[in-house]
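Which features of this chain deserve a look in the viewer? The report below goes through sheets, a helix pair, an aromatic pair and some backbone details.

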Amino acid sequence: MTSRRTFLLSGLAALAGTSALANAPAVSLRPVARRASSLAAGTDGLKALLERAGLPGHAVCAVADVKSGKLLESSGGGEALPPASVAKALTALYALDVLGADHRFETRVLATGGVAGGVVNGDLILAGGGDPMLNTDHLALLAKALKTAGVREVRGKFLVWDGALPGVKTIDPDQPDHVGYSPAVSGISLNFNRVHFEWKRAASGNWAITMDARTEKYRPEVATARMAIQSRAVPVYTYADKGGVDHWTVASKALGKGGARWLPVRNPAAYAGDVFRTLVRANGIALPQARSVSALPAATLLAQHHSPPLDVMLKAMLKYSNNLMAEMIGMSASAARAGRPASLQASAAEMSAWAAGKYGMSGTRLVDHSGLGEASRMTPADLTRALVAAYKSGQLKPLLKPFQMRDAKGRTVKGHPIKVAAKTGTLNFVSGLGGFMTAADGTELAFAIFTADLKTRGRIPRAQRERPPGARSWNRRAKKLQQQLIERWGAVYGS
């Protein structure tokens, strides 16, 4: 086993309610302004602000005082929209409540048949335990631990167990095949289930390409993900699963002189087994090709790796908005709460039921734990209610990333009197923000803002989901509205 600091650094480096809120009104409440402000001008300041924004689609919000739990105002507080990655804040609360802040995930190397004289007489098993931060460095440590333990030979099979969680080929099937933010999910992951594709112009004029599981220390090439360059302009990428191997093609006209990107892994057990086999071979131990196994047999522990504590992982998940972390942590919480879920959707339904019971979030229905699926729905009143409760428990706010206030030109305002800690959420034509704000006078508020143009989003072809026309400008306008709402609440409820 290595030090906690080693695990934290290597893992994080890879990522460069209360009754007072019940029955929230669906229309604006008229606040009593503490001081004059253009943001609070007029008898219906919130409604006027939303109308002036002119954002196509829907914009809904709610804000409450965290100490009293009193709902201060809302617009469409009971209207459910896609929360996007704001859903990860609820996933964090779910995991903390079910698993606890000190929970660690475990990846083990096991042997059947016993070990005698350095020989594993049965099978060697790489057993995943739901650790979403497992990377190549960690597998290298496990491989070295085998050698240190005196293992020289394995006479049986090499198996990879990924059955701790249900297998999912992609978090959101509506996303393009090649986007790294929608990889496969299973009980074992490696490098966030992404493989590094790099291409360079060779002296001959052709391209030299690599597919590897790189970290800063290691770059093992993989056989479970393959790339072929084809003479075409579009599509840029195509994907096919052939016998459990990820087969990619890339358009030659899109490559230029060279570059690199992370591609999603669709067969996580095979990928992890492939890399571990290479690292074990580097320590003088030959293994046969990896085979996945659905049931974990009785076996002897040879080596193990523990993840960082859950609260550290959740801080990273929220900071980097990592979808795989959210799904694996969320499904692990569901498994601990109600037994291994049958699917990702079943796990999300379990979390939704938990949220309804704990926080009264009756208008929330999620299809995943990351917010990537556009079918998820959450109301701003629901989230605000949960945030008030979370504030009182002290669980969530320390994990949230500071949200920078900006001026009319989008420039960060240093020393802004309003301080915000929140989770952002962005999909194409969907933008959300939920968290806590401290006004100039120290008043602390919980808020949720959801905006969405679902009609426009629904017209986007699957192939254009990564960067559809008009999405960036719409999202800029949505974020500007978020800023204006926060400034309004700071002016109206904090002097």
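Helices here are DSSP runs of H or I with at least four residues, numbered from the N terminus. By that definition A336 belongs to helix α7, residues 323–338. The model is a predicted one.

**A contact across the sequence**

A336 and L99 are 237 residues apart in sequence. In space, their C-alpha atoms are 7.2 Å apart. With neighbours within four places in sequence left aside, A336 touches V98 and L99.

**Two sheets**

Strands of a sheet pair through backbone hydrogen bonds, in a parallel or an antiparallel way. Two open sheets are compared here.

| Strand order | Pairing | Average turn between neighbouring strands, direction ignored |
|---|---|---|
| β2-β1-β20-β19-β18-β17 | antiparallel | 25 degrees |
| β11-β13-β12 | mixed | 20 degrees |

Start with the sheet of six strands, which is open and antiparallel. Its edges are β2 (71–75) and β17 (401–403). Each of these has a single partner strand, so one side of each is left without a neighbour in the sheet. Strand β1, residues 58–65, pairs with β2 over four bridges in the antiparallel sense. Within this sheet, V63 stands opposite E73 in β2.

The other sheet is open too, with three strands and mixed pairing. Here β11 (225–230) and β12 (237–242) take the edges. Again each edge strand has a single partner, so one side of each lacks a neighbour in the sheet. Strand β13, residues 245–251, runs parallel to β11, and six bridges join the two. I229 stands opposite V250 in β13.

**Around the loop from β11 to β12**

P235 lies in the loop between β11 and β12. The peptide bond that joins V234 and P235 is cis, with omega about -5 degrees.

Y237 in strand β12 brings in an aromatic partner, F197 in strand β9 (residues 194–201). The two are 40 residues apart, and the pair links distant parts of the chain. A search of the whole structure finds 10 aromatic pairs. How far apart are the ring centres of F197 and Y237, and at what angle do their planes stand? The centres are 6.5 Å apart and the planes are at 80 degrees. Planes over 60 degrees apart count as edge-to-face, so the pair of F197 and Y237 is edge-to-face.

One more backbone detail involves β9. N191 is found in the loop between β8 (158–161) and β9. Its phi is near 50 degrees, a positive value in a residue other than glycine.

**A helix pair**

Two packed helices are described by the angle between their axes and the distance between the axes. Helix α2, residues 45–53, packs with helix α11, residues 471–493. The angle is about 160 degrees, and the axes are 10 Å apart. Angles over 145 degrees count as roughly antiparallel, so α2 is roughly antiparallel to α11. The crossing of α2 and α11 is right-handed.

Which residues of α2 and α11 meet? From α2 come G45, L46, L49, L50 and A53. From α11 come R477, L481, Q484, L485 and R488. By class, the contact of α2 with α11 has six nonpolar, two polar and two charged residues.

How values were computed: Residues numbered from 1 in each chain as written. Predicted model: local features only at pLDDT ≥ 70, side-chain atom pairs only at ≥ 80, totals over all residues. Heavy atoms only, no water. Pairing = 2+ DSSP bridges. Axes fitted to C-alpha atoms, helices over the stretch in contact; angles between N-to-C directions. Parallel < 35°, antiparallel > 145°, perpendicular 65-115°, else oblique. Left-handed = near helix turned anticlockwise from the far one by under 90°. Contact = heavy atoms within 4.5 Å. Nonpolar A, V, L, I, M, F, W, Y, C, P; charged D, E, K, R; others polar. Phe/Tyr/Trp six-rings, centres within 6.5 Å; stacked < 30°, edge-to-face > 60°.
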